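The exercises below ask you to work from the coordinates towards a description of an interface, a surface patch and a set of charged pairs. Try each task before reading its solution.

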Amino acid sequence: MMTLNLALRNLLRNRRRSIATLLAMAIGSASILLFGGYSTNINYTMLTAYVQSGGHLKIQHRDFYLYGSGDPTAYGIADYEKLMAAIKDDEVLRKMVLIVTPTLQFGGIAGNYSANVSRTIVGNGFVAPDITKMRLWDEYDLGNKPPMFPLEGAPADAAIVGTGVARVLQLCDALKLPSCPKPEKEAKPEGAAIPADIAQLSALETTAASTATPTSASRIEVLAGNSRGTPNVASLDVIRAERQGFKEFDEVYVMMHLAQTQQLVYGNSSPKVTSIMLQLRSTAQIPAATARLAPILAKFSVSQPLAVLDFQTLNPFYVQTIQLFDTIFGFIFALIGAIVLFTVSNTMNTAVVERTVEIGTLRAIGLRRGGIRWLFVTEGALLGLCGALVGVVLALVLSAIANRMGLTWLPPGSVDALPLTLTVWGETKMIAGTTMGLLLIAVVSAWWPAYRAAQLNVVEALRHV
Amino acid sequence: MTDDTDETNEDDVVAPSAASVRPLAQLTQVFKTYQMDSVEVPVIKGVDILVRHAKFTVLLGPSGSGKTTLLNMLGCIDKPDKGEIVVAEARVAEMADDDLSDFRAKNIGFIFQNFNLLPVLSAYENIEYPLLLAGATPSQRGKLIPRLLKAVGLADKAKNLPGQLSGGQRQRVAIARALARKPKLVIADEPTANLDSHTGATILALMRRMVDEYAISFIFSSHDPEVIKAADDTIVLKDGMIQEVWRDGEKVES
């Protein structure tokens with residue numbers, strides 16, 4: 001207490017120098033926290049986007065992640081409804097899981113034969129109401145309200161395509177897509193005309209579909225190999241084009257109702273799915289949910305090896321982005337830490353020189369070397385603590401101002417611009433970590449001057465002018 | 001406070017001895033040389049000194065005679081190159097640094113020429129500091145410090161910072177600080193040098209009174225022959241050697 005009191009008064013003694021050091025630390029601390037807040041927001045935004053679209057966990061055939069893109073239907077999960085029921089009935093998982101929903105992925109060709117164009121696609125079948133609910137997940141209170149999933153309430157043959165698919169299939173006019181130019185010179189098809197058997201299949205599908213929906217300019221045919229290896233065709237009405245975050249994905253993505261997809265892929269055979277998505281209440285529940293799923297999956301894995309993958313494994317881009325920002329954060333911390341180190345060290349060195357006689361006096365009246373060391377280290381620690389805390393307040397104020405300015409940004413892999421939020425408030429771990437880190441640096445900075453002060457010869461210190 | 005009394009029979013004393021005086025501190029054949037760049041400067045050349053219990057001792061001598069070095073060694077903040085130093089029955093030259101610090105805190109008080117008060121602490125807190133080092137309780141401190149402040153005539157200046165006190169008042173605070181832990185020996189290096197003659201005389205009188213009231217040994221250095229009047233013992237130094245020793249007004253060594 002005596003040392004703390006004396007250290008505090010010594011700091012107040014040369015206010016201008018202490019304030020300059022404190023400000024340098026505060027600005028450093030605030031800079032770290034603001035960048036940390038920005039980085040945190042990117043993390044939350046990307047995480048939320050991934051969880052809203054694909055859930056936290058996916059149950060898949062063990063090999064689907066590595067080999068499934070080539071032939072998704074070969075890795076279908078049989079009895080998936082029983083598996084989903086088992087998950088929903090589990091009393092532990094029930095408390096963690098918000099939504100359990102199946103999806104079916106397949107590869108095929110989509111064609112707009114009236115425009116004589118086609119392209120390869122990756123199709124996905126969803127249970128539309130589940131996807132709408134999944135899009136409401138907002139653990140981090142970002143307040144982003146994604147539009148309702150357009151397939152909900154849409155006819156059974158409805159489909160949503162990426163804007164790239166719509167552009168290539170020349171559906172822009174029909175879908176009234178802005179910024180979707182037609183090619184200046186229409187490409188002439190060089191291949192053979194549509195084969196007679198496929199045309200016949202399509203005609204059958206169109207006839208079946210047209211009983212429910214009138215033919216429109218946005219109709220496409222999707223050809224896929226069914227589970228037995230023979231081709232099957234679905235005639236779909238594209239009701240909307242949604243831009244996907246990545247161009248490569250935007251140009252192949254097609255979303256359909258699960259039932260329609262299963263009909264296309266499995267025909268009259270018993271339907272399967274390629275994934276079961278689980279959305280949890282909280283991201284922190286991933287390990288517990290994964291552990292709880294293991295025995296359930298074991299029961300269903302007798303004839304089909306199943307695995308649970310979390311969204312981080314399934315989305316390496318997310319992990320890489322977070323790692324990149326963490327590296328930048330670390331670099332900024334190191335840079336500011338070095339500035340703090342030299343600033344505090346300089347301040348403490350000056351204090352030792354200025355107070356040499358005082359050090360001699362304290363030693364003469366009986367303060368041990370350790371007491372002198374402790375005194376100067378305490379001063380450094382106080383500077384560090386005050387600087388870091390002022391920095392926290394500064395960061396909170398600046399982030400609050402920035403968050404009210406209505407700035408927006410486009411996160412990597414995202415379609416829509418999102419509010420630019422600096423998430424500092426509530427990030428206790430980041431605030432505590434930064435404060436403790438700067439405090440530690442300040443203590444380390446003060447250590448050498450404190451050691452020097454303690455080693456001073458008493459007689460020489462008393463003689464110092 | 002110690003209530004030791006002087007049992008010395010000065011008439012018999014030619015050289016200090018345990019039989020003739022009761023020594024509080026004793027330097028025996030002490031040598032000290034300083035290194036000034038590449039030149040060795042002998043400052044103390046084989047000095048024997050005896051400081052008596054509860055006596056007011058003055059070290060007299062011109063600048064460079066070795067007064068401050070001797071005081072530093074008596075105050076246990078400097079060590080001799082050769083010779084023995086015993087203070088309060090302890091051979092201080094053999095002590096480790098932390099032990100010496102504790103020894104100083106317990107047995108020795110310092111009064112400096114420039115007062116050397118801690119500028120961020122009030123008069124009260126400056127006196128309190130050595131007591132805090134000693135682990136005195138709040139109630140002990142609360143009783144002792146006002147008494148000391150009253151004794152040095154600064155009862156109304158307890159809350160003043162050193163910067164708000166005159167030179168004489170600061171030196172009074174320094175005296176109170178030096179006495180706070182009831183030391184056996186108080187070292188004062190030219191305590192009146194930075195004071196005007198009137199204030200210097202007052203401080204001298206105060207120190208004299210403290211020796212009598214608290215039975216503490218005071219040893220201080222000075223250029224001023226006038227201070228001899230206040231002293232019990234006077235040691236005259238020249239060129240690092242003892243020239244004369246006066247005890248209770250009588251010359252005992254030359």
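## Exercise 1: the interface

Describe how many residues chain A and chain B bring to their contact, and then characterise the area that is buried.

Solution. Counting on each side, we find that the contact draws 20 residues from chain A and 23 residues from chain B; note that the model used here is a predicted one. The next step is the area, and about 2100 Å² is buried between chain A and chain B, with carbon and sulfur atoms giving 62% of it.

## Exercise 2: charged and polar pairs across the interface

Determine how many salt bridges and how many residue pairs in polar contact link chain A and chain B, and then work out which helices supply the side of chain A that touches chain B.

Solution. The search for salt bridges across the interface of chain A and chain B returns five, and one of them joins Arg368(A) to Asp98(B), whose closest N and O atoms are 3.7 Å apart, a distance that passes because the cut-off is 4 Å. For polar contacts, the interface of chain A and chain B holds 10 residue pairs, both residues being at pLDDT 80 or more. Turning to secondary structure, at least two residues of the side of chain A that touches chain B come from each of helix 1 (2–13), helix 15 (356–364) and helix 18 (458–463) of chain A. Helix 15 of chain A gives the most, with six residues. Sorted by class, this side of chain A has 10 nonpolar, three polar and seven charged residues.

## Exercise 3: a nonpolar patch

Find which elements of chain A give two or more residues to the nonpolar patch on the surface.

Solution. The patch includes Ile19(A), Leu23(A), Val393(A) and Leu407(A), and its members together have about 880 Å² of accessible area. Helix 2 (15–54) and helix 16 (369–404) of chain A are the elements that give two or more residues, and helix 16 of chain A gives the most, with five. Leu407(A) lies in the loop between helix 16 and strand 10 (408–409) of chain A.

## Exercise 4: a pair within chain A

Explain why the salt bridge of Glu242(A) with Arg135(A) ties together parts that are apart in sequence.

Solution. Over all chains the count comes to 26 salt bridges, and in one of them Glu242(A) pairs with Arg135(A), the closest N and O atoms being 3.7 Å apart. Glu242(A) lies in strand 6 (residues 231–242) of chain A, whereas Arg135(A) is in the loop between helix 6 (128–134) and strand 4 (158–162) of chain A, so the pair links parts that are 107 residues apart in sequence.

Methods:
Residues numbered from 1 in each chain as written. Chains lettered and ligands numbered in written order. Predicted model: local features only at pLDDT ≥ 70, side-chain atom pairs only at ≥ 80, totals over all residues. Heavy atoms only, no water. Contact = heavy atoms within 4.5 Å. Buried area = accessible area lost by both parts, 1.4 Å probe. Salt bridge = Lys/Arg side-chain N within 4 Å of Asp/Glu carboxyl O. Polar contact = N/O pair within 3.5 Å; in protein donor to acceptor, adjacent residues only side chain to side chain. Helix = DSSP H or I, 4+ residues; strand = E, 2+ residues; numbered from the N terminus. Nonpolar A, V, L, I, M, F, W, Y, C, P; charged D, E, K, R; others polar. Patch = residues over 30% accessible without salt bridge, like charges linked within 9 Å, V, L, I, M, F, W, Y side chains within 5 Å. Areas by Shrake-Rupley, 256 points an atom, 1.4 Å probe, with all protein chains shown as cover.
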